[in-house]
Amino acid sequence: MEIFDSLALGLTTALTLNNLLYCFIGVFLGTAIGVLPGLGPAATIAILLPATFALPPVTSLIMLAGIFYGAQYGGSTTAILVNLPGETSSVVTALDGYQMARQGKAGRALATAAIASFFAGTVCTLLIALFAPPLTELALKFGPAEYFSLMVLGLVASIVLASGSIIHALGMIVIGLLLGIVGTDVNAGSQRFTFGYLELADGISFVVVAMGLFGIGEIIANLEHEATRDVSVRKVEGLMPTREDWGRMVAPILRGTALGSVLGILPGGGAALASFGAYALEKKVSRNRAQLGKGAIEGVAAPEAANNAAAQMSFIPMLTLGIPANPVMALMIGAMIIQGIQPGPGVIKEQPELFWGVIASMWIGNVMLLILNLPLIGLWVRMISVPYHYLYPAILCFCSIGVISLSNSPFDVYLMAMFGLLGYVFKKLDCEPAPLLLGFILGPMMEEFLRRALLLSKGDPMVFLTRPISLTMLILAAGLLMLVLLPSFSKTREVAFKEEVG
Amino acid sequence: MPSWISSPRDFWTGLVYIVVGGGALWLALDYRLGTVGKMGPGYFPQVLAVMLIVIGLISLVRSVIIAGEPVSHLAWKPLALITGAIVTYGVLIQGAGLVVALLMLILMGAAASREFRFDAKALVGMVLLVSLCGLVFVKGLGLPLKLIGPWFAPVLGAFGLAP
């Protein structure tokens with residue numbers, strides 16, 4: 001079986017001492033930053049990204065993947081212990097998890113979250129290994145027209161699945177696309193939107209945008225609502241789930257994993273949607289549905305499995321097509337480009353050890369999470385109780401040093417300050433920064449594919465409609481857009497995002 | 001805010017989009033447009049800029065039609081102090097070196113918090129944080145940053161120390 005050879009190649013890559021070490025460091029740092037209240041996976045990865053630059057490509061991606069899982073698990077820990085979810089997908093976990101913690105069952109809730117994530121992660125690693133190669137084959141048949149239409153579909157889907165105003169999300173995407181084309185035009189060699197600054201000739205660094213919007217903007221927004229938060233956490237004991245707990249968590253974990261794997265392939269807010277969906281499903285089918293919301297273990301197991309499954313599945317479009325499904329994957333693609341790897345279907349052929357090494361390391365990362373987090377819970381609890389006014393100056397320092405390490409130019413530092421300001425203003429206006437980041441990554445690629453497609457068709461725009469794959473994607477995109485614009489659906493969408501939170 | 005604007009959030013967002021789109025269009029008009037089959041550097045940005053302006057206009061129209069929430073005031077103090085702290089860091093980093101730049105960054109940044117008090121505890125925390133950053137990033141990861149920058153060379157020289 002070819003797949004086993006490939007997985008074996010991946011395991012031999014991921015299991016070298018060096019890669020294991022960095023996977024461990026990634027998981028550890030990711031969890032450490034991720035547990036800090038208010039910092040979700042995207043912010044955590046943005047802050048830690050510069051730490052991976054000096055590593056070889058495979059190692060750096062393995063470490064980043066580790067940071068991602070760590071950050072995600074750290075977020076659930078905070079949600080359970082102090083009811084402060086760092087991102088939308090752990091909002092649901094906070095509902096029952098925090099209730100369990102208040103009843104003195106924090107240890108069991110944390111263990112359940114870890115076990116559910118581990119199971120979902122294992123299943124999805126196998127699914128990725130199974131489906132990524134055939135999808136790559138398909139992707140190799142894509143011409144520029146197909147790529148362009150696929151990106152349109154991805155951007156549209158990211159609006160539908162994101163929360164907040166649709167028209168504003170569209171605007172954020174366009175601003176992102178515009179920011180993405182700042183710099184030298186590859187075809188004509190002319191400078192665009194550089195205002196005469198030489199520093200902008202290579203474009204705006206992706207790290208600067210991500211750190212500014214997610215790191216700095218977030219700090220300013222948090223300081224505005226700085227309340228003396230109650231982060232006093234009781235001692236966490238009794239980690240092992242009881243026999244009854246085991247019995248109750250099996251079915252929700254299976255359901256959550258199934259739902260998450262399906263929703264995760266969708267571009268956009270797959271993880272958030274999956275955890276909301278899994279919770280809603282439990283409310284309908286669980287035997288103990290009456291207890292949901294009052295500290296039921298099902299309410300932790302199902303959404304945690306779903307959100308981990310979805311998060312993992314979002315690697316599929318990233319690895320096979322080079323297209324990000326969410327801001328975290330956009331960060332991964334940014335990291336790959338910085339490492340000199342062109343993301344896309346070519347990666348699996350040209351660098352199989354990188355491709356399979358990253359996939360294998362996903363599973364190893366999940367194993368590490370399980371063994372690392374349960375004994376270290378005491379440390380995380382102490383990190384959570386650090387007051388915010390001691391914390392954010394440290395985050396400021398890490399971001400500032402990270403940015404200056406990019407090209408040793410203060411210009412990037414000023415740009416980061418500007419994006420921090422923008423991030424805060426957009427937050428005020430209820431415009432999510434995630435679509436902007438997606439647009440920013442896709443901007444240069446979209447222009448290039450659009451240009452090539454129309455060059456090949458000698459200027460005939462019908463090329464997007466006459467090629468079947470491209471047409472299908474555009475129809476899907478148009479359908480999605482129509483769907484959200486329908487009043488009845490937009491109401492459902494609003495309810496879906498708000499119902500469980502309230 | 002006049003009373004006929006019922007959704008200030010849509011109004012301000014629309015305005016931001018129109019200003020950004022308008023600015024981008026004004027700049028992009030200088031770039032060669034080319035044709036559909038042979039796009040010049042101006043084609044894609046001009047299309048995007050027009051799209052952004054249209055989106056902004058829709059948002060403006062919405063702000064009159066639909067009812068929405070007001071926008072709360074900007075928190076000027078954290079906004080000014082945090083961005084100011086980062087800019088100060090950027091100004092100092094090459095000349096004064098990492099230690100001074102970080103100290104200023106932490107001091108100005110921390111002052112943005114309501115909980116900020118300049119006491120012994122804060123001082124110890126600041127020194128610890130700067131030493132940690134210096135050790136990890138400069139000594140450990142080997143980033144090409146100077147701990148003490150060239151501005152202090154004369155001072156150090158006076159004490160017989162090489163910068």
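The following exchange goes through a predicted model of two chains, A and B.

Biologist: How are residues and chains labelled, and which pLDDT do local features need?
Modeller: Residues are numbered from 1 along each chain as its sequence is written, while chains are lettered from A, and ligands numbered from 1, in the order in which they are written. In this predicted model side-chain atom pairs count only at pLDDT 80 or more, totals for chains, interfaces and linings use all residues, and local features need pLDDT of at least 70.

Biologist: In chain A, where is confidence highest?
Modeller: Confidence is given as pLDDT, the predictor's own value for each residue, from 0 to 100. Chain A has a mean of 84, with 92% of its residues at 70 or more. Its lowest mean, 59, belongs to helix α22 (residues 487-498) of chain A, and the highest, 94, to α18(A).

Biologist: Which helix supplies the largest share of the side of chain A that touches chain B?
Modeller: Two residues are in contact if their C-beta atoms, placed from the backbone, lie within 7 Å, and the contact takes 53 residues from chain A and 58 residues from chain B. On the chain A side, α8, α9, α17, α18 and α19 each supply at least two residues; helices here are DSSP runs (H or I, at least four residues) and strands likewise (E, at least two), numbered from the N terminus. The largest share, 10 residues, comes from α17(A).

Biologist: What span should helix α2 of chain B have, and why?
Modeller: The expected span of a helix is 1.5 Å times one less than its number of residues. Helix α2 of chain B, residues 43-65, has 23 residues, and its end C-alpha atoms are 33 Å apart, which agrees with the expected 33 Å.

Biologist: At which residue does α10(A) bend?
Modeller: Helix α10 of chain A, residues 243-264, has 22 residues and reaches 31 Å, close to the 32 Å expected. The bend is the angle between axes fitted to the seven residues ending at a residue and the seven starting there. In α10(A) this is about 30°, with A:Pro252 following within four residues, and the bend is at A:Met249.

Biologist: Why is A:Leu135 classed as it is, buried or partly exposed?
Modeller: A residue is buried if 20 or more other C-beta atoms, placed from the backbone, lie within 10 Å of its own, exposed if 12 or fewer, and partly exposed in between. A:Leu135, found in helix α6 of chain A, has 19 C-beta neighbours inside 10 Å, and therefore counts as partly exposed.
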